[in-house]
Amino acid sequence: MRSGPPAWPGTPTPLGARCRVGPDGVAGTNFALWAGGAEGVELCLFDGPGPSAAETRVPLTELTHEIWHGFVPGVGPGRHYGYRVHGRWDPWTGARWNPAKLLLDPYARAVDGDFTLPAEVYGHVRDWPDQHVADTVRDDRDSAPHVPKGVVVADDTGGGDEWQDDRRPKTPWSDTVIYEMHVRGFTRRHPGVPEELRGTYAGLAHPAAIEHLTSLGVTAVELLPVHQFAHEDHLLRRGLVNYWGYNSIGYFAPHAAYAASGTAGQQVGEFKRMVRALHAAGIEVILDVVYNHTAEAGELGPMLSLRGIDNRGYYRLPHDARRYADYTGCGNTLHVVRPQVLRLITDSLRYWVTEMGVDGFRFDLAAALARSMHDVDMLSPFLAVIAQDPVLRRVKLIAEPWDVGDGGYQVGAFPPLWTEWNDRYRDAVRDFWRGALPDVRDLGYRISGSSDLYAWGGRRPYASVNFVTAHDGFTLRDLVSYHHKHNEANGEGNRDGTHDNRSWNCGAEGESEDPAVDALRRRQLRNLLTTLLLSTGVPMLVAGDEMGRTQRGNNNAYCQDNGISWLDWSLPEQPGNGELLALTRRLIALRHAHPVLRRRAFFSGRPQAPDGLRDLAWFTPDGTEMTEADWYAPSATLALFLSGRDIPGRDARGRQVTDDSFLTILHAGDAPVVFRLPGPPWAAAYESVVDTSREDQSGPPGTAYAGGARVTVPARSVLLLRVTAGGAAGEPPGTAAARGTPDTPDTQNAPSAPGAHDTPDPQNPPGAPHTPGAHDTPDG
């Protein structure tokens, strides 16, 4: 270690390390670090990332509004650096400054090296005999040889003019189909991606990887965390790693281990090129971001960055300031109410949008970000700043609307601009297909857009991100193959992961050689995917579910960076999986082709024109519209009619939007049901479009049926029927009856659909039953 001359004054903005031309045309880098309560800050420059790299310490003597800053001539892109911050060591008051620890710049745009977490990386004596007070005993050993360094990155690493030509797809929310995936796991075993690119940003940008996404028809990839993250000590001790990445430590840096081109700043350009390639294919990039906590964990965690810069300024500390308020289950919670923390998060978000090109964010444990001093507050500073920010309010914003603290479950509560992961959709669909719903009320609300949750404040059906599976939990294949979790490989005695799987193994636990069990599982997969992709809202698929991926019953594979988590690209060659993949492609294409399946406004449950039908109607197996009593009665069958004539809103040229009309019959019973198809005025004729009782969905046009015909719907299946020419919905009421058609439903006085808004309606008198899915929301 050697001391360098003091830095030139430089400027307090922007924060981080930014290359620039200084006084007298001298090139260098401006460094700026917020460290509010610190007594001194040293910039540490290294000639490389390794443990033997030479260190030069440069004092930053300028302090402006709690920001320590300085300009260092001659420092350019590729230089490695960190900080040592001086101050009091007084854990009882939350003060944990320790200049022996090299700290990562929170604004570092690239990080080189791995966090291996030896004892020297902890600010306290990690192995102190009395662990109850270990966090109060300062460790004065130097951590620099054992921690990664930040890397100075030039402002333009994306290819100059080529980056300027990038065209964002800007897919409307109503047209969006999300594909949740892991950068590494998606291509790690892809035979069409060169081996040296597998598991990297460049691998995801490869034409072979993108071809799968475009052939599916998804419009956005939602990437599991790509911010630089660290592995937890308890995993490293067991020879495991944090595979999912929900342990962020660098909010501006692409995770270096996913780069094929290098880690000394090259990862930034590689990430940008990946985004450009996906955009060129019409696919948006959404990042799963973890701003609720950091990798520094609780008071016994390592000192990597924020804890040593200003522990009290960055983290929520309770009355006992030695400890951390933990609304995340990960040991700490960022104090988003504080201006400097809010600035860190919003600066990071804007950076990923404006400089890295991403199109939106999914916020892990978003309720923790919406907390004011204690309670979740939908008028909190974080949500208020996002709502008025000219950059961030234009991108896709998805909340995981809960945290682990009191009052943390906030599904349906986030304000307009936000969409939400709808776990009530997940639970209702799982329960229906495993035969665990007492009635069909909740399912009706979920598949018709969850108006009971989102029809307020101008929100739309696409406020609901519908999903049956996510990275956290069983895969779709495991959902129909396992009743119990099997997480032994995680090394925690199968104690980790949820017990509430809402799964059904179809009669055998795990892999089965029984042809009947396997056939039933394949049918259940088709049922679950079909339900998801025909529901109103934004569907989210998990990578591999479309071709039967299994984690062998592990419902918490966060630490499995191996074949348990990686996609097996040979799966489509196995029996049934190729057909499942083809069905998924067909359903997504059907969704893109028919606006009635991706509505931009909630259903009203009433005719949209004097001679029209209800835009949404629900039917019992005897072909009559459901009454209030039907919604409360035990049932394994639910049918909904979507009128393509009565779609509110207009297209880009101001024309009325019209479409085919569809009847969807979902039957979860273990025996067939005879269903009488609604006749005129709903339809004179239908043709089948999807029948999940059939393994192979390809072939000639579906079976034709007359309105009023009795159809046998096989056990555990979905039947999607389209109203055919000559039988289109919207025939004036009474016309069919005049022709003598029997059992014509009364479309003027039948009950409206689930979730109907209680507004007086002359055609639906006060007191008439209101059922799921309908709401009086004007379309804008």
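The lining of the second largest cavity divides into five nonpolar residues, four polar residues and no charged residue. I begin with that cavity, and I should say at once that the model under discussion is a predicted one.

The volume of this second largest cavity is about 80 Å³. Its lining consists of Ile-447, Thr-530, Thr-531, Leu-534, Ser-535, Leu-640, Thr-664, Leu-666 and Val-718. Which element supplies the largest share of that lining? Helix 15 does, with three residues. Helix 15, at 515-534, and strand 25, at 662-667, each contribute at least two residues to the lining.

Allow me to place this cavity in context. Ten cavities of 30 Å³ or more are found when the whole structure is searched. The largest cavity holds about 150 Å³ of space. It is lined by 15 residues, and those closest to its centre are His-182, Leu-224, His-471, Arg-549 and Ser-565. Two elements, strand 13 and helix 2 (183-187), give two or more residues to this lining. By character, the lining of the largest cavity comprises eight nonpolar, five polar and two charged residues.

I turn next to the second largest pocket. Its volume is about 540 Å³. There are 24 lining residues, of which Trp-173, Arg-393, Arg-394, Val-395 and Lys-396 are the closest to the pocket centre. Helix 8 (339-354) and strand 20 (418-422) are the elements that provide two or more residues to the lining of this pocket. How many of the residues lining the second largest pocket are charged? Nine are charged, alongside eleven nonpolar and four polar residues.

Strand 13 has already appeared in the lining of the largest cavity, and I would like to describe its surroundings. This strand covers residues 178-181; Ile-178 and Glu-180 point one way, Tyr-179 and Met-181 point the other way, and all are buried. On which strands does it find its partners? With strand 14, residues 220-223, strand 13 pairs in the parallel sense over four bridges. Within that pairing, Glu-180 is opposite Glu-222. Strand 13 also runs parallel to strand 22, residues 538-542, to which three bridges join it. Here Ile-178 faces Met-540 as the residue standing opposite.

A second group of parallel strands is built around strand 18, residues 360-363. From this strand Gly-360 and Arg-362 point one way and Phe-361 and Phe-363 the other, and all are buried. Strand 17 and strand 18 run parallel and are joined by four bridges. In this pairing, Gly-360 of strand 18 is the bridge partner of Ile-286. Strand 18 further pairs with strand 19, residues 396-399, again in the parallel sense and over four bridges. Phe-361 stands opposite Leu-397 of strand 19.

On annotation, the UniProt record, an unreviewed entry, places the feature "domain: Glycosyl hydrolase family 13 catalytic" at residues 180-591. Across residues 180-591 the chain is 33% helix and 10% strand, with the end C-alpha atoms 18 Å apart.

I close with two histidines. His-279 is located in helix 6, residues 266-280. Is His-279 buried or exposed? His-279 counts as buried because its relative accessibility is 4%, and buried means under 20%. Leaving aside residues up to four places away in sequence, His-279 touches Asp-166, Arg-167, Arg-168, Pro-169, Glu-284, Val-285, Gly-357 and Asp-359.

The other histidine, His-293, is found in the loop between strand 17 (284-289) and helix 7 (306-314). His-293 has 1% relative accessibility and therefore also counts as buried. Which residues does His-293 touch, not counting residues up to four places away in sequence? They are Tyr-246, Asn-247, Ser-248, Tyr-251, Thr-328, Cys-330, Asn-332 and Leu-334. As a longer-range reference, His-293 and Ser-635 are 342 residues apart along the chain, and their C-alpha atoms are separated by 44 Å.

Key. Residues numbered from 1 in each chain as written. Predicted model: local features only at pLDDT ≥ 70, side-chain atom pairs only at ≥ 80, totals over all residues. Heavy atoms only, no water. Buried < 20%, exposed > 50% of the residue type's maximum accessible area, 1.4 Å probe, protein only. Contact = heavy atoms within 4.5 Å. 1 Å grid on protein atoms, 1.4 Å probe; cavity = no way out; pocket = protein on both sides within 12 Å on 5 of 7 lines; lining within 4 Å. Points joined across faces, edges and corners; volume = space filled by probe spheres on them. Nonpolar A, V, L, I, M, F, W, Y, C, P; charged D, E, K, R; others polar. Pairing = 2+ DSSP bridges. UniProt positions renumbered as here; feature names shortened; annotations may be inferred.
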